[in-house]
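Have the model open while you read. We'll stop at a few places and look around.

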Amino acid sequence: MANRKELDILFKASKINKSFGDFQANIDIDISIKKGEIHALLGENGAGKSTLVKIFYGVLKPDSGTIEINNQLVSISSPKSARTNGVGMVFQHFSLFPALTVAENILIALDQKISFQRLISDIRKLSKEWDLFIDPLRLISDLSVGERQRVEIIRCLMQNPKLLIMDEPTSVLTPQEIENLFKILKRLSKSGCSILYISHKLEEIIELANQVTILKSGRCVSTLNAKTTSTKELAETMVGKKITKLKKNNIKNNKTVAFEVKNLNKIKDNDFGITLKNINLKINYGEILGIAGIAGNGQNELMEVLSGEVICNNDNEILLENVPIGQKNITLRRKLGIEPIPEERTLHATVPNLALNQNTFLTYYYKYKNRNNFFSNFFISPQHSSEESIKIIKDNDVRCPEPNPLANQLSGGNLQKFILGRSMANNPKVAIFSQPTWGVDIGAATSIRQKLLNLSQKGKAVILISQDLEEIFELSDKVCVINNGVLSDILPVNEMSASDVGLLMGANINNNTKSEVS
Amino acid sequence: MFTFVPRDKVSKNWVILGPLVSIIFTILFGLLIFTFLGYDPLETLYQVFMSPFSRVDRISDIFVKACPLIIIGCGLMLCFRANIWNIGAEGQFIMGALLAGSFALMFPDVETKILLLFMFLVGFIGGAIWAFIPAILKTRLNVNEILVSLMLVYVAMLFIDFIVRGPLRDPMSFGFPLTKPYPEGALINKIPFPGIGYLGQLHYGILLIVLLIPLSWIFINKTLGGFKITVLGSAPKAAKFAGFKENSITMTVLLLSGGLAGIAGVVEVSANMGQLQPEVSFGYGFTAIIVAFLGRLNPIGILFAGITIATVKLGADNAQMTMGIPKVVTGLFEGILLFFLLTGETLQKYQIKWKRFK
Amino acid sequence: MDALILTIIATSIPLLLAATGELISEKSGVLNLGVEGMMLSGAVGALAAVLWLENPYFGIIAGAISGIFMATIFSFFTINLMTNQVATGLGLTIFATGLTGLAGAPLVGKTITSLPKIEILFLSDIPFIGPILFKQDLIAYLSIAIIVLATYFLKYTKSGMILRAVGDDHHSAHSIGYSVKKIRWFATSFGGMCAGIGGAYIPLVLTPHWSEGMTAGRGWIALALVVFASWIPWRIIVGALIFGGITIAQLVGQARGWPIPSQILSMMPYIATIIALTMISGRISKNKSIVTASLGKPFVDSQ
């Protein structure tokens with residue numbers, strides 16, 4: 001009986017250990033994957049998933065531990081040797097080259113010699129066979145995210161892998177694309193290829209996987225049968241404690257229009273940008289407006305123009321309580337009560353090598369300017385913000401290694417707490433969030449989402465731009481989708497389904513930038 | 001072999017340790033090269049690093065030599081902090097000196113030092129105009145400031161050569177390309193010390209450093225302008241998020257550093273030459289880059305760095321006289337010093353991890 | 001007229017070589033501001049070699065080796081120690097200026113025999129272009145060969161594609177298993193070799209002696225040329241010829257007695273460089289994909 005089981009096992013990793021300096025990323029990890037099995041790897045950010053699969057693909061070397069493929073010890077010393085041993089990998093952020101064509105991108109990962117003509121015909125064949133339509137001669141920079149993922153998969157398939165590793169493949173896909181991906185993965189698994197699938201999306205794991213290994217703080221805490229477990233059990237094993245539900249007060253009667261965008265147009269300022277076309281939205285006080293969309297569809301451009309980092313062509317394109325503010329810059333908008341919280345915590349919302357009081361000063365400096373004493377306006381400096389900085393840290397439970405640490409000394413979650421606290425301390429009328437829980441673990445994410453809800457319940461207007469559909473549906477009162485710089489109609493959340501949103505996200509929106517736009 | 005692992009906390013010790021260690025290693029390395037070339041290492045060490053301290057008038061000459069380096073260095077500090085690479089300070093120095101000199105020669109009989117004050121203003125404007133060119137091209141058209149400011153150095157050198165040999169040439173200079181001597185009001189005199197007389201070439205221009213260093217410190221640390229510069233250099237997106245205008249900051253730092261380089265030019269000519277000649281700068285604009293780096297873009301650091309580099313330059317002069325080592329060797333030292341400083345910067349951010357062979 | 005064209009070609013050869021080498025370097029993501037220094041070391045190395053070994057062809061080899069030596073210093077700091085590329089490149093030029101000044105001091109005043117012209121029979125008999133193009137010295141032929149090779153390499157070989165990939169996204173290249181460091185070392189050394197030969201050309205063919213700083217900013221102009229050519233090799237030829245032409249305007253002006261002062265004429269190449277950069281920057285702002293994506297960014301290998 002034991003023998004039979006061992007024969008089924010394709011890939012076995014035993015006692016894998018990996019540390020980076022003092023930080024232990026993987027501690028004594030054991031995983032075993034059967035032939036044709038879809039094995040999920042679940043864990044929060046920082047649990048060690050990416051490190052582990054990088055070891056499996058030869059990008060990193062473990063400090064100790066062994067890997068067996070088909071019951072034979074192998075040494076995976078480089079990605080090339082991983083490929084030789086039948087391991088293929090699709091990275092989370094892709095390993096593609098925008099300046100090169102699809103065919104060149106595939107060629108670059110091929111270890112065998114092949115003529116260019118043969119390569120192109122092979123790509124076309126595989127593409128047809130697996131329903132992964134892609135034109136070999138297009139530049140990667142011209143492809144959508146879903147198309148790029150197809151290239152990555154074809155690239156792996158060309159090497160006839162025994163084990164295909166996928167690192168968070170669905171975070172950038174529409175629901176329909178996710179469905180297609182699952183079809184392909186199930187087909188692969190039936191044909192005998194094993195799949196190791198990293199994800200933090202519990203529903204997907206239950207739908208797709210056979211087995212799921214849960215990592216927590218570098219250790220393997222459990223291996224469960226995906227078909228017999230529940231999302232609740234998975235979540236709690238992953239986090240190690242019970243997860244609280246968000247407290248939501250559903251009575252919303254406020255009809256005062258807080259913030260309005262009317263026919264906003266903004267042409268992209270460089271080749272890689274997205275032109276915003278005819279953006280219209282209205283949000284009342286006490287509401288949360290969710291703007292869903294896959295990254296790269298104009299969210300950054302929209303955020304810039306809403307925050308004031310980039311001003312509008314026309315003052316009337318943005319109205320705050322019916323007053324035109326389109327041409328006011330970000331500092332003026334802050335004074336009026338608009339607080340933007342950008343997606344990038346470091347290098348955008350904060351300066352990593354500056355201290356927290358300096359980072360507070362970053363968005364507070366205008367407060368110390370005194371119209372009466374012109375001369376003294378030159379001599380304002382971060383020391384003016386020290387008191388407020390301390391208050392933000394205290395009021396928001398920001399864990400600091402020292403009283404006034406540098407921003408880069410804080411963990412991601414704590415830095416986000418600081419950033420939110422800094423904005424909320426100004427008691428804004430309108431708060432605009434972009435991907436507020438991206439890369440933040442479940443505990444902190446829940447607390448951030450609760451803060452958003454509390455804000456709206458206090459009567460503030462909240463705009464939430466997010467890739468996370470779960471988050472959008474959990475928090476929003478009204479929902480719309482941004483696609484290629486165009487905003488869909490805004491509908492109340494109970495009139496939209498995830499599938500509707502998915503269709504809007506994945507639709508092919510033609511945004512003709514050649515037409516003259518005022 | 002070794003590999004680098006990012007440190008969680010940037011090592012504060014390296015801020016001062018870095019430059020000190022770099023200087024020591026540079027000295028050692030340099031001595032190796034000299035020994036290889038056949039010069040006595042101990043003698044070289046003495047001549048280059050000790051001889052400038054051997055007499056009081058030599059020590060004062062260190063400050064004279066450091067003066068332009070520190071003035072330009074403070075300006076470059078502002079640029080480099082904002083991540084603007086002004087490599088053309090040499091040209092800005094020349095143009096400042098040229099414009100101020102031309103101005104001074106319009107008033108050949110003026111004796112009051114008020115003329116000098118005006119010259120500082122004119123010199124500042126001259127240097128600032130020269131820096132304005134890369135500034136406007138960068139802010140309007142996103143042209144790389146490194147190449148533009150550098151090309152302008154060559155243009156400035158040729159231009160002053162033309163002016164001095166041409167329109168401003170002194171007909172009584174008997175074949176030497178020189179302008180007429182400056183009027184008294186345009187000169188910076190040596191400082192007379194009661195009882196001692198003059199200390200080497202020590203001149204009143206030193207007072208500028210005494211003013212500039214604290215002013216720079218206040219600007220960087222106690223003003224909003226200084227903060228904007230720091231943020232722009234560290235994280236341009238954050239600067240935008242704060243509402244800082246990148247173009248204004250770029251223009252400001254370039255104009256300021258150009259102007260300061262121009263003032264340094266005025267000081268040099270007025271204190272040490274008394275008239276314009278085709279070569280008024282001896283690489284000060286480039287050496288100041290090293291000074292700015294060695295001083296870790298900090299006014300106090302630049303003060304010490306300027307003194308250090310000036311010492312080496314004087315020492316190299318002595319070494320040439322006594323041992324026949326060509327003066328140009330300071331470039332060698334400066335380059336090596338810069339390499340070690342940069343290595344120190346890497347060590348500040350990363351830790352070395354020695355990998356065992358498997 | 002013939003002599004004029006020949007002089008223009010000759011003046012453009014150092015630019016051609018240095019710019020092509022730097023193009024390959026930048027395509028891999030490395031910005032090397034030390035080109036001026038590498039050219040200077042090529043010049044002094046070539047001169048020293050010829051004085052010592054008496055055969056001008058040794059000068060070419062010496063020039064190449066000197067350039068590679070300087071590039072190695074640069075590569076060690078920027079690739080292995082991950083130092084700032086701009087500052088390191090500047091440091092290299094300052095260092096090389098000092099080192100070559102030192103090494104060249106005993107060589108001042110000495111002259112050498114220039115590289116002989118090699119005539120390619122039959123081709124050199126073609127009217128008009130024959131004597132101009134096919135009666136050149138070895139380095140000139142080499143420079144054309146290098147440009148052709150570089151173009152072919154980048155466009156049609158897998159290695160060239162890998163180099164471009166490294167420049168495009170060094171993290172992806174690393175994830176697939178390519179050694180970013182090795183590839184950049186190669187690219188930078190190649191750049192050094194070309195700059196060294198380009199520098200060697202000056203004493204070997206143009207002015208057969210040594211003087212401090214004899215490259216007079218050609219290395220910087222070469223850097224501008226790479227930008228001006230939008231990182232496309234054949235465009236470097238056009239740019240180099242234009243600059244060659246502008247550079248000798250001073251000589252022509254003096255010979256023909258133009259009323260413009262010689263210093264102003266000598267300024268022309270530098271001013272032209274600024275104008276060229278301005279013109280091309282407008283284009284680049286609209287189409288950022290012209291610039292190599294990882295240019296100037298150090299690759300941090302977190303093992």
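Here is a short tour: a helix, a single residue, and a contact between chains.

This is a predicted model, in which local features need pLDDT of at least 70, side-chain atom pairs count only at pLDDT 80 or more, and totals for chains, interfaces and linings use all residues. Residues are numbered from 1 along each chain as its sequence is written, while chains are lettered from A and ligands numbered from 1 in the order in which they are written.

Let's begin with helix α10 of chain A, residues 299-307 (helices are DSSP runs of H or I, at least four residues; strands are runs of E, at least two; both are numbered from the N terminus). Eight of its nine residues are buried, so the rest of the structure largely encloses this helix. Buried means 20 or more other C-beta atoms within 10 Å of a residue's own, with C-beta atoms placed from the backbone. Among the buried ones are A:L302, A:M303 and A:V305. Right after α10(A) comes A:G308, with a positive phi near 105°.

Next up is A:I338, which sits in strand β16 (residues 338-341) of chain A. A:I338 counts as buried because it has 27 C-beta neighbours inside 10 Å. Leaving out residues up to four places away in sequence, A:I338 touches A:L320, A:R333, A:P428, A:K429 and A:V430; touching means C-beta atoms within 7 Å.

Finally, the contact between chains B and C takes 38 residues from chain B and 40 residues from chain C. These helices of chain C each supply at least two residues to the side touching chain B:

| Helix of chain C | Residues |
|---|---|
| α4 | 85-104 |
| α10 | 218-228 |
| α13 | 262-286 |

How values were computed. A residue is buried if 20 or more other C-beta atoms lie within 10 Å of its own, exposed if 12 or fewer, and partly exposed in between; C-beta atoms are placed from the backbone. Two residues are in contact if their C-beta atoms, placed from the backbone, lie within 7 Å.
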